Amino acid sequence: MTGALIGRLVLLAGVLGFILAPDSFVPLLRPFAPDGMPVIYDRAGFGNLTLWHLGLVVAAIVPSALLAILLAVLVTRPRGAEFLPLSRALVGFGQTFPPVAVLALAVPVVGFGAWPTLIALFLYGLLPIFENALAGLVGVPASVALAADGMGMTPRQKLWQVELPLALPLVVEGIRISAVIAISTAAIGSTVAARSLGEVIIAGLNANNLSFVVQGGLLTAGLAVLVYDGLGLVVAAIRRRPR
Amino acid sequence: MIRFESVSKVYDGIAVVDDVSLTLERGTITAVVGTSGSGKSTLLRMVNRLVEPTAGRVLLDGTDTASVPAADLRRRIGYVIQDHGLFPHWTAARNIATVPGLLGWPRAAIDARVRELMLMLQLDPDVIGPRFPHELSGGQAQRVGVARALAARPEVLLMDEPFGALDPVIRQQAQTDLRKLQQQLGTTVMLVTHDMAEAIRLGDRIAVMRAGRIDQFAPPAEIIAAPATGFVADLLGEGDRAFRYLSLQPAARLARPGAADGPVLPADATMADALAEMIWSGRDRLPVAGPDGHPAGVCTRDDLIRAGRPG
């Protein structure tokens, strides 16, 4: 427990430290930079890029989560049950499509910039949240669902007061998975001119500057680990304290 | 009063409940007994419309239940199910408050009612109230389930195998408590069970169900004395019939003037208790207590054995 806590704090301090004062990491990164090349990426601030990166993730995952939860609710209603296989197939299709392909196909339609990335992240976020929300809703014990009906809850009251609260830990677990996938995928968005930490990596690859690649890669990975960890704490808190 | 009028429920061409007509008198306990698949739970669920009849109708105090919106109807009917079905994310107190909450009672009235019910069911409101269902024992969870069903003062209480998940010792206590509670509140109870002994102990009348039909609908003594079909007799278990019959009658009824040695039989003991006591203590006459607790007479072995044979 304490070990894990210390690990988290060190990682958080490292990520924040790099964003706020990247120059202090020059001695560590110098060996990776070719002679005469800049060690730290300087065409944009890391704070700015990190915010863009996380902004992309949030802007894609929030609608993704809403749609996925809505779909899961609809297909678990008596009238929506027949759409369950169809929605599973659709959402699964979104997941199997490679993100690079989504980017490539989206650019001719919506142009360069943030939009193709948002579309890819949105599609990528659907499956884990949908499947988890589905598992959560289907997993409500039969006797509990029967009691909700028998007490005289309307279908809407049953959904809001019983089914969704009971499914919540699994839903957040799904959001956690989607968010981590989105953080790593967002980096690829910079290939089509989305602002994200990916642009540091791409600049490094273009200029053959390994230092840029390392700092962009590590920062992205650090963010993913921190977000995964943070949402894990949220899940644990929900499970510990039922509502 | 609950009245079934030629009620049937057909699933995929199979009648799970087949043309059942039955009247459950107000303020009584009716036990519906049958093996699994006999349609007894389906019959019960047609009262609060968790199952809609394919044919026939169910009347509640003269009103056709189909004419009342299902949610409104259910809030007026208490419902207890086998593994209690408590909402796992709510405390015991909040579970009990479910129906008053749905009915929009004021906060203070709900809190007072929850407290009152918990005391009535011997649950300490300050200790058990804030606990979550997974922190309750089986017996406590069962009582919270009963409290939840009674919260909005329903006139009708439906119980679907309410003691099925309890171990035998607690079950017997829970049955006794239910009987007392029902007498105190005057609620009309429809109880579904597969256990004939439970039906005999609790039911004012017993309906024996088989394959969607009622084989016999009669008071327990009549069921034991004259089982209408072989199936009813099988459910009774031939060997236990005499003891079951004795267990329905108070021993005090056999008291005749006189005195006997040894411990006095309590006033509420049944004839079965008296016989068991005789066998165990090797006596053939027992002093029986009157309502005041003092010996009021004796009960003899010959009288007991005669009383165990109906008719």
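Two worked exercises follow on a predicted model.

**Exercise 1. Describe the interface of chain B and chain A: its extent, its main contributors and its polar links.**

Step 1. Start with the contacts. On chain B, 22 residues are in contact with 19 residues of chain A.

Step 2. Turn to area. About 1,800 Å² is buried between the two chains. Carbon and sulfur atoms give 70% of that.

Step 3. Find the main contributors on chain B. B:Phe87, B:His89 and B:Leu102 supply 31% of the area that chain B buries against chain A. No other three residues supply more.

Step 4. Check the polar links. The rule finds zero salt bridges across this interface. Four residue pairs are in polar contact, both residues at pLDDT 80 or more.

Step 5. Place the touching side of chain B on its elements. Those that give two or more residues are α2 (70-75), β6 (77-80) and α4 (98-102) of chain B.

Step 6. Sort the residues of that side. Twelve are nonpolar, four polar and six charged.

**Exercise 2. Work out how helix α8 and helix α10 of chain A pack, and which residues meet.**

Step 1. Locate the helices. In chain A, α8 covers residues 155-188 and α10 covers residues 210-240.

Step 2. Read the geometry. The angle is about 175°, and the axes lie 9 Å apart.

Step 3. Classify the angle. Angles over 145 degrees count as roughly antiparallel. α8(A) and α10(A) are therefore roughly antiparallel to each other.

Step 4. Pick out the residues that meet. The α8(A) side includes A:Leu168, A:Val172, A:Ile175 and A:Ile183. The α10(A) side includes A:Leu223, A:Val227, A:Leu231 and A:Ile238.

Step 5. Sort the residues of this contact. They divide into 17 nonpolar, three polar and three charged.

Notes: Residues numbered from 1 in each chain as written. Chains lettered and ligands numbered in written order. Predicted model: local features only at pLDDT ≥ 70, side-chain atom pairs only at ≥ 80, totals over all residues. Heavy atoms only, no water. Contact = heavy atoms within 4.5 Å. Buried area = accessible area lost by both parts, 1.4 Å probe. Salt bridge = Lys/Arg side-chain N within 4 Å of Asp/Glu carboxyl O. Polar contact = N/O pair within 3.5 Å; in protein donor to acceptor, adjacent residues only side chain to side chain. Helix = DSSP H or I, 4+ residues; strand = E, 2+ residues; numbered from the N terminus. Nonpolar A, V, L, I, M, F, W, Y, C, P; charged D, E, K, R; others polar. Axes fitted to C-alpha atoms, helices over the stretch in contact; angles between N-to-C directions. Parallel < 35°, antiparallel > 145°, perpendicular 65-115°, else oblique.
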